[in-house]
Structure formats: C-alpha cells, structure tokens
Amino acid sequence: MSDNNKIWFNGALREHAECMVHVQSHALHYGSSVFEGIRAYDTPDGTKVFRLADHLKRLQYSADVYRIPMPWSGEELHQACRDTVRASGLASAYIRPLVSRGNCGLGVIPKDMNVVDVTIIVTPWGAYLGEEGLKNGIKACITSWNRLAPNTMPPGVKASGNYLSSQLIAFEARDRGFDEGIGLGIDGLLSEGAGENIFVILQDRLITPPASSSILSGITRHTVIQLAADMGIETTEQTISREQLYVADEIFMTGTAAEVTPVRQLDHISIGNGGCGPLTRKIQDAFFGLFNGRTRDNHNWLEPL
C-alpha cells in the first residue's frame, strides 16, 4: 500500500506514522479482531462501492459475537469508508475496515472491554488469484487441513483468528505447486477455500455448500446466487462430497478478493473443458457487468461516493 494513502484511524483520517497500536494490544496477543474486505469499482458512472452497507452490517455482527463494542455507529463507519476512498484518489480500490481490541491488559478476558481501535485502510488490489486465473482458471487442491469444526470458533464470523486456518491451507497448496487450497469439514465433506466460497456445476445444476458446512457465508457468494436467480438459474445449497468435485462439469470460487475465479484443475485432475466453463463465464459476465454497465444493478448494490 502506498504511504500516500491516508488511513482512517479512531475517528479521523491520519498519516501512516500516526496510526499506531500498542504491542500489548489484546488483538495482537489473543486474536480479538474482526474485519471486512470491500471493493470499490471504477464504473462508467464513476467510482462506486459494492455492497458497503451489507459488509458493515456483517462487521457489526462479527463484533457482536465476540462482544467487541463498536465505538462508532454504522452510519459513521459508512461515511468514514467513503471519505477514505475519496482521500486515496483511487478510482478502483480495496477497503479494509478492522475493529480490534487495544491495550486493555494481558489476560484472555479484557480488563477494559471498551478499549477498541477502529481502522479503515484503502489500497489498490487487482485479481487476488491473478488475471490469468480469473480468465482461464486456477489449479487448486484439497489440503490435509480441515476447516474449523462446529462449536469451536464460529466460521460464519469474519474474525482475524479464523484466517490462521486459511494460512495453513494456502501454505500447503502453494508448497505443492497449486494456486489455492481447499479445506474439507471434519465430516470429510466440502467446506471452502482458504479465502473463498466454492460453487460446483453438475449437469447444469449450480450447487454450493450450506452455512452449516463451516463456511463464511460470503457476500459475493450471495451476489452470485442472486445473479444466477435473475438469469433463471437455481442454486441448491447442499453438502458436497470430495468425489463429486472430481467429476464436476465446472467449479468456481467466489470472494471479495477472488471475485469469480474458475478452477480448471483440482488435484491434477482437469475440470470440465480445462478452462473457464460456459456457465461460469456467464456468471462472471453478469458479475463484472455490474461494474462495466452491462448488468443492470436491480438490487442497488452499487453506491456512488
């Protein structure tokens, strides 16, 4: 990230050098922070933020689950995100709000529940899994690491600590020569990628694991389900076995960073046509059409600055 971009930190836009947290911060020692990833797109009608209100609603939900009090209202954070994008001068950007417990003393339970830092970072970010991967698909693998078990840490919360699991999955995949890793649940059924939800196309049916499969129910995931419905394509949320992946007609991953990325190969097995399949391409076109003007924004997902 360029040091020229200002950061919104605890109520004001500040220079990088002013945005400091203490080495005794609770979040650093115990992982007590939640965050969001949001994109602003350069559209024919200017820069627009994608589903900002929905992301901030989930941020509040995540904070509530971990009992982290939010020092600013949703309306104030909404405006702060817009102000930080404007201050960056970027036409297209990635927005990272982070809510973290501050220097409230050592110990698993914070000594002062109200010591909380709120940060909003804006930075350029292209295709998370590469432009080539976005166009022609990536190579993925099932890793030996399972996703979080139910009733341990809530996978439906976007908490920073959950991404330690994602790191292990991604590191193993990269060590084995793949672009991204996939984790199964403790039941051996499909969960999600290191940082993405997964859709599988079998005999013209679009299926994806349900929330009970230890997934983060992603906002891009929801977007794809809605866009598919708008095109008359029904999505079924159901458990998916590992072997179903190997015989899938198409597979793609979704996420704010990954957007809609095809999987062309899984565990060295070619998927479908070995590239971006026709239904995946149709969904990709509808998704990116929201930002180039070819898809009507019927759901008011785009918000101008």
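## Packing of helices H6 and H8

In this predicted model, helix H6 passes helix H8 in a right-handed crossing. The contact draws on Thr220, Thr223, Val224 and Leu227 from H6, and on Ile283, Ala286, Phe287 and Leu290 from H8. Sorted by class, the residues of this contact comprise 6 nonpolar, 2 polar and no charged residues.

Two packed helices are described by the angle between their axes and the distance between the axes. For H6 and H8 the angle is about 110 degrees, and the axes lie 10 Å apart. H6 is therefore roughly perpendicular to H8, because angles of 65 to 115 degrees fall in that class.

## Helix H8 and its end

Helix H8 covers residues 278–292. At 1.5 Å a residue, its 15 residues should span 21 Å, and the end C-alpha atoms are 20 Å apart, so the expected and modelled lengths agree.

The buried residues of H8 are Leu279, Thr280, Ile283, Gln284, Ala286, Phe287, Gly289, Leu290 and Phe291. Among them, Ile283, Ala286, Phe287 and Leu290 are also the residues that H8 contributes to the contact with H6. An α-helix has 3.6 residues a turn, so residues three or four places apart point the same way. Just after H8, Gly293 takes a positive phi of about 90 degrees.

## Packing of helices H2 and H3

A second helix pair is formed by H2 (residues 52–65) and H3 (residues 74–88), which pack at an angle of about 130 degrees with their axes 10 Å apart. The two helices are therefore oblique to each other. Their crossing is right-handed.

On the H2 side, the residues in contact are Leu52, Ala53, Leu56 and Leu59; they meet Gly74, Leu77, His78, Cys81 and Arg82 of H3. By class, this contact has 6 nonpolar, 2 polar and 1 charged residues.

## Helix H3 and its end

The 15 residues of H3 should span 21 Å at 1.5 Å a residue; the end C-alpha atoms are 21 Å apart, which agrees. Buried positions in H3 are Leu77, His78, Ala80, Cys81, Arg82, Thr84, Val85 and Ser88. Of these buried residues, Leu77, His78, Cys81 and Arg82 also take part in the contact with H2. Just after H3, Gly89 takes a positive phi of about 75 degrees.

## Positive phi outside glycine

Most residues other than glycine have a negative phi, and most peptide bonds are trans. Asp204 has a phi near 65 degrees, a positive value in a residue other than glycine. Asp204 lies in the loop between strand E11 (197–202) and strand E12 (205–208). With a relative accessibility of 71%, Asp204 counts as exposed, because the cut-off for that class is over 50%.

Ser214 likewise takes a positive phi, near 60 degrees, although the residue is not glycine. Its place is the loop between E12 and helix H6 (219–230). Ser214 has a relative accessible area of 7% and is therefore buried.

## Surroundings of Pro155 and Tyr163

Pro155 belongs to the loop between strand E8 (138–142) and H5. Its relative accessible area is 18%, so Pro155 is buried, given that the class requires a value under 20%. Not counting residues up to four places away in sequence, Pro155 touches Leu148, Asn162, Ser214, Ile215 and Leu216. Ser214, one of these partners, is the loop residue with a phi near 60 degrees. Pro155 and Pro124 are 31 residues apart in sequence, and their C-alpha atoms are 27 Å apart in space.

Tyr163 is placed in helix H5 (residues 163–175). A relative accessibility of 23% makes Tyr163 partly exposed. Leaving aside neighbours within four places in sequence, Tyr163 is in contact with Phe35, Lys158 and Leu216. Leu216 thus appears among the contacts of Tyr163 and among those of Pro155. Tyr163 and Gly195 are 32 residues apart along the chain, and their C-alpha atoms are separated by 8.0 Å.

## Ile7 and strand E1

Ile7 is located in strand E1 (residues 7–9). Ile7 is buried, with a relative accessible area of 7%. From Ile7 to Asn292 there are 285 residues in sequence and 28 Å in space, C-alpha to C-alpha.

Conventions. Residues are numbered from 1 along each chain as its sequence is written. This is a predicted model: local features need pLDDT of at least 70, side-chain atom pairs count only at pLDDT 80 or more; totals for chains, interfaces and linings use all residues. Side-chain values use heavy atoms; hydrogens and water are left out. Helices (H or I, at least four residues) and strands (E, at least two) are DSSP runs, numbered from the N terminus. The expected span of a helix is 1.5 Å times one less than its number of residues. Buried means under 20% relative accessible area, exposed over 50%, partly exposed in between (1.4 Å probe, protein chains only). Axes are lines fitted to C-alpha atoms, for helices over the stretch in contact, and angles run from 0 to 180 degrees between N-to-C directions. Angles under 35 degrees count as roughly parallel, over 145 as roughly antiparallel, 65 to 115 as roughly perpendicular and the rest as oblique. A crossing is left-handed if the near helix is turned anticlockwise from the far one by less than a right angle, and right-handed if clockwise. Contact means heavy atoms within 4.5 Å. Ala, Val, Leu, Ile, Met, Phe, Trp, Tyr, Cys and Pro count as nonpolar, Asp, Glu, Lys and Arg as charged, and the others, Gly among them, as polar.
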